[in-house]
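Student: I have a model open and would like to go through it with you. Could we settle the vocabulary before the details?
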Amino acid sequence: MSELALRIHGLRKAFPKVVAVAGVDLEVARGEVFGLLGPNGAGKTTTLEMIEGLTVPDAGEIEILGQSWKRDGQQIRARIGVQLQSTSLFNKITVREALDLYGTYYPKARSTAELLDLVQLNDKAEAYHITLSGGQQQRLALALALVNDPELVFLDEPTTGLDPQARRGLWDVVRRMKAEGRTVLLTTHYMDEAEALCDRLAIMDHGQVIASGTPASLIAQLAIPSVVELTFDGAAPDPAAFSARLGETVEHRSDLWEIPTRDPKGLLPRILEIAEAAGVPYQQIHIRRATLEDVFLHQTGRSLRD
Amino acid sequence: MVMMIWRQFVMEWKLYSRDRMAMFWTFAFPVAMLLGFGVIFRGGGGPKLSIVYVEPAAPSPRDAALLKAMDEVQLKVMPLAPAEAEARWGRGETAAEVLADGEGYRLRLNSYLMAQGGAAAGLVNQAWLMAQARLNGAPEPKRIPVSVESPGGRKASNYAAFLLPGLLGLNLMSIGLFSVGMVNVSYREKGKFRRLAVTPLPKWIFLLGQVLQRLTISLAQALVLMTVGWLAFGIQNQGSYLDLLVVMVFGTACFMSFGFALSSFAETSESYAAIANLLFFPLMLLSGVYFTLDSAPRWLQHAVTALPLSPFLTTLRAVFNDGSGLAGHGLALAIVGAWALGAFLLAVRRFRWA
Ligand SMILES: Nc1ncnc2c1ncn2[C@@H]1O[C@H](COP(=O)(O)OP(=O)(O)OP(=O)(O)O)[C@@H](O)[C@H]1O
Ligand SMILES: [Mg+2]
C-alpha cells in the first residue's frame, strides 16, 4: 500500500475577476503530512476545496485515495475529514450534539468523549456553538474533521486563532494522526509550524506552486545558509548607504536589517566596522541560520503575515 | 438510515425550540388571528352592513318609520348630525348614507366602496318600501325568511369556524415558504451548509428530517388552534380526527416541499423574500383563507383549484366543519399530493449545499 493518497494534475479554477488556481500538480503519499504555504489569496483554500469536492474545478484531474469524485463521491466523503478555513455551524447546537450528529452521517464514527478529550473541549461540551471563543470553535472544527476516523484529513489553517498552548496541542494531534497512519494536507501561515509538522511542503503564489520539497531541501536550495540581523530600537533607517559600503544586499524590514550570507564569520567584522564608522544606531546584532521563512520571503518576495 | 432521519429530525426540533421568538410566533400568530377576527365578526357570516343616516332638524313620523324598517332588515344605522356626516364622508369612511330630500330620501354611495354601499342601498330601499306600506296603512308586507347554515348542512356555524381551517392552511403555507424556504436560503448564504456538503449525508435525508420536524410543529399548532377555537367559540371538529390528520399531513408535506424547492431558486435572502411574498399574498388572497372568492371571475375560481392551497382548504373545511369523509375529496387530495411530490423531487434535484 505504498500508493498515493492524493494525485492532482493540472487543476484550474477561475472566478469572474481572478484566476484563483492556475494549473496545480501535487502528489501526496499515504501517511505523509503535507503543507501548503502561500501568501493571502495564493489559492490554497480554493485548491483544498476543489480536492474536497466543495468547488468544481474548471479543469484538471483529482485522484483521491485511488477514487475519483465523478464515480465515488459518497465513498470519498466517508473516508476524508475536513476542517474548513471557517466552519459555520448552526448557532444553537452544542458541542456534544454537533459531534454526535456528525457522527451519525458516517458509516463508522469515533466516540464523542474521545474527540472531546482530543481537542480538550470537555468543559464546553454543553455550550452552544455560538458561545464558543474563536479558538474553541476552531478546535470543535478539528474534532468534526476527525469524527469519521478519516484516512485523509484536510486542515485549512488549523492553528489560526489558537493560543500557543492550543497550537502545540494541535501539533500533537497532527503528529498522532501521522503515527496512526493518516495522511494530512494542511495549510498554514506559520513557518515554524510547517517546519515542525510537515514532511513535505509546496509554496503557492498567484495560483501556482512555485517551490516544493522537504523543509530541509527547500532551505538548502536557498543557498544562503545564514542571515545577519541588525535590530533597532524603533524603525530601522534606510540601509542604502550602508549596503553600498558593505557591498552586500541588505533587506530592510520594519525594525531590522537582514543581510543574507554564506560566510557570516568573514562578514561580521566588516559589518561591525562599517556600522561603527557610519554611526548606525543599531541595538543588537545576531547571526542565525536561514529558516523556512527566508525561503518563503525569497520565493514570494512578500512578508507573510501582512 | 432511519436512524439518520431520526437524528436529523430531533436536531431540527432542538434548533427550532431554542429560537424562542420563532416558536412564539408560530403558535401565537394564528391564535391571535382567530381570536381577533372571531370576536370582531362574532355575529354571523361577516360584518353587518352599515348606513349613515343624516339626522333631519325635526324628525317626522316618516323618518321614524324608515328607521324602524332599516333596523328590521338588519342594517346597522349610524345616525349623524349633517355636519358630522359631511365630515365623515369627506374622510372617505362612509360607504353609503341616506338623507332626507324633499318628499323622499336620497342615497349617496361612495364610488370606492360600491360592494358594501350597493348592498346597503338595496336594504335601505327595501326598508323604505316597508315604511311606505305601513304609512299608507297597507297590510304588513311579507318577507322571505333567511336561514344561515354551513354548506355540509351539519351545523349553523359562525365566522370563526370558517376562519379556523383557513388559518391552519395559511400557517402551513407560511411555515413552508418562510420557516423552511427562507431559513434554508439564509443558511446557505451564511455558508452553514458547507460543512454538511463534505459529509456523506444525503440531501434527501436532510430535507426529509426538516419536513418531518415541520410536520410535527404544524400538527402541534393545529392542536393549539383547535383548542382555542373550542374554548373561545365552541368550534369543534365535525369529522374524524384520522381524516383530519391525513389532510394535514398532505398539506404540510406539500408546503414544506414547496419551500425547499423555492429556496433552490434564490441566491440571497432578499431575493428569496421577494419571490416568496410574490407567491404568498396572491395564494392567500385567492384561495379563500378569509373570505370566499365569489366575486372573482369564473376562470380564476377554476384556476385556483389547481393550486395547492385552495383544494387543501376545501378538503380541510369539508372534514373539519361539515364532518365529511375523504371519499368525495380524492381529486383535491391528489392535487395537493401531486404538488407535494413534485416539489420534493424538484427540491432534491435542485437543492445545493453551497
Ligand atoms: N467564491 C469566490 N469568488 C470570487 N473570488 C474568489 C472566491 N473564492 C476565492 N476567490 C479569490 O481567489 C483567490 C484565491 O483565494 P483563496 O481563498 O484560495 O486564497 P488562500 O490562499 O486560501 O488565501 P488565505 O491565506 O487568505 O486563506 C483570491 O484572490 C480570492 O479573492
Ligand atoms: Mg485560505
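Tutor: Certainly. A residue is called buried under 20% relative accessible area, exposed over 50%, and partly exposed in between. Please keep in mind that this is a predicted model.

Student: Is A:Asp149 buried or exposed, then, or something in between?
Tutor: A:Asp149 is partly exposed, because its relative accessible area is 28% and the partly exposed class runs between 20% and 50%.

Student: Where does A:Asp149 sit?
Tutor: The loop between α5 (134-145) and β6 (152-156) of chain A holds A:Asp149. Its phi is also worth a note: the angle is near 55°, a positive value in a residue other than glycine.

Student: What sign does phi have in most residues other than glycine?
Tutor: Most residues other than glycine have a negative phi.

Student: What can you say about phi of A:Leu65?
Tutor: A:Leu65 is not a glycine, yet its phi is positive, about 50°. This residue is found in the loop between β4 (59-64) and α2 (69-79) of chain A. A:Leu65 counts as buried, since its relative accessible area is 5% and the limit for buried is under 20%.

Student: Let me change topic to the ligands. Which residues are closest to ligand 1?
Tutor: The closest are A:Gly41, A:Gly43, A:Lys44, A:Thr45 and A:Thr46, and 14 residues surround ligand 1 in total. By class, the shell has 5 nonpolar, 7 polar and 2 charged residues.

Student: Which element gives the most to that shell?
Tutor: Helix α1 (residues 44-51) of chain A does, with 3 residues.

Student: How far are the oxygen atoms of ligand 1 from N or O atoms in the side chains of A:Thr45 and A:Gln85?
Tutor: For the side chain of A:Thr45 the distance is 2.6 Å. For the side chain of A:Gln85 it is 3.0 Å. There is a backbone case too: a backbone N or O atom of A:Gly41 lies 2.8 Å from an oxygen atom of ligand 1.

Student: How much of the accessible area of ligand 1 does the protein cover?
Tutor: Ligand 1 has 630 Å² of accessible area on its own, and the protein covers 63% of that.

Student: What are the protein donors of the magnesium ion?
Tutor: The magnesium ion, ligand 2, has A:Thr45 (OG1) and A:Gln85 (OE1) as its protein donors, and they lie 1.8 to 2.1 Å from the ion. This pair links distant parts of the chain, as the two residues are 40 residues apart. A:Thr45 is in helix α1 of chain A, whereas A:Gln85 is in the loop between β5 (80-83) and α3 (95-104).

Student: Why does A:Gln85 count as partly exposed?
Tutor: A:Gln85 has 36% relative accessibility, and therefore counts as partly exposed.

Student: Moving away from the ligands, what does the side chain of A:Thr112 make a polar contact with?
Tutor: The partner is the side chain of A:Asp100, at 2.5 Å. A:Thr112 lies in helix α4 (residues 112-118) of chain A. With a relative accessible area of 12%, A:Thr112 is buried.

Student: What about the contact between B:Lys14 and chain A?
Tutor: The side chain of B:Lys14 makes a polar contact with the side chain of A:Glu97, at 3.2 Å. B:Lys14 is found in helix α1 (residues 2-17) of chain B, and it counts as partly exposed because its relative accessibility is 32%. Within chain B, B:Lys14 and B:Gln213 are 199 residues apart in sequence, with their C-alpha atoms 9.8 Å apart.

Student: And the overall layout: how many helices and strands has chain A?
Tutor: Chain A has 11 helices and 13 strands. Its C-alpha atoms fill a box of roughly 70 × 45 × 40 Å along the principal axes. Of the 306 residues in chain A, 53% are buried.

Student: Which domains does the assignment give for each chain?
Tutor: For chain A, the assignment gives domain 1 (4-218) and domain 2 (225-289), with 40 Å between their centres, taken over C-alpha atoms. For chain B, it gives domain 1 (2-42 + 155-350) and domain 2 (50-136). The centres of these two domains of chain B are separated by 44 Å, again taken over C-alpha atoms.

Terms used
Residues numbered from 1 in each chain as written. Chains lettered and ligands numbered in written order. Predicted model: local features only at pLDDT ≥ 70, side-chain atom pairs only at ≥ 80, totals over all residues. Heavy atoms only, no water. Near = heavy atom within 4 Å. Polar contact = N/O pair within 3.5 Å; in protein donor to acceptor, adjacent residues only side chain to side chain. Areas by Shrake-Rupley, 256 points an atom, 1.4 Å probe, with all protein chains shown as cover. Helix = DSSP H or I, 4+ residues; strand = E, 2+ residues; numbered from the N terminus. Nonpolar A, V, L, I, M, F, W, Y, C, P; charged D, E, K, R; others polar. Domains from an automatic or database assignment. Buried < 20%, exposed > 50% of the residue type's maximum accessible area, 1.4 Å probe, protein only. Donors = N, O, S within 2.8 Å, 3.2 Å for Na, K, Ca; no water.
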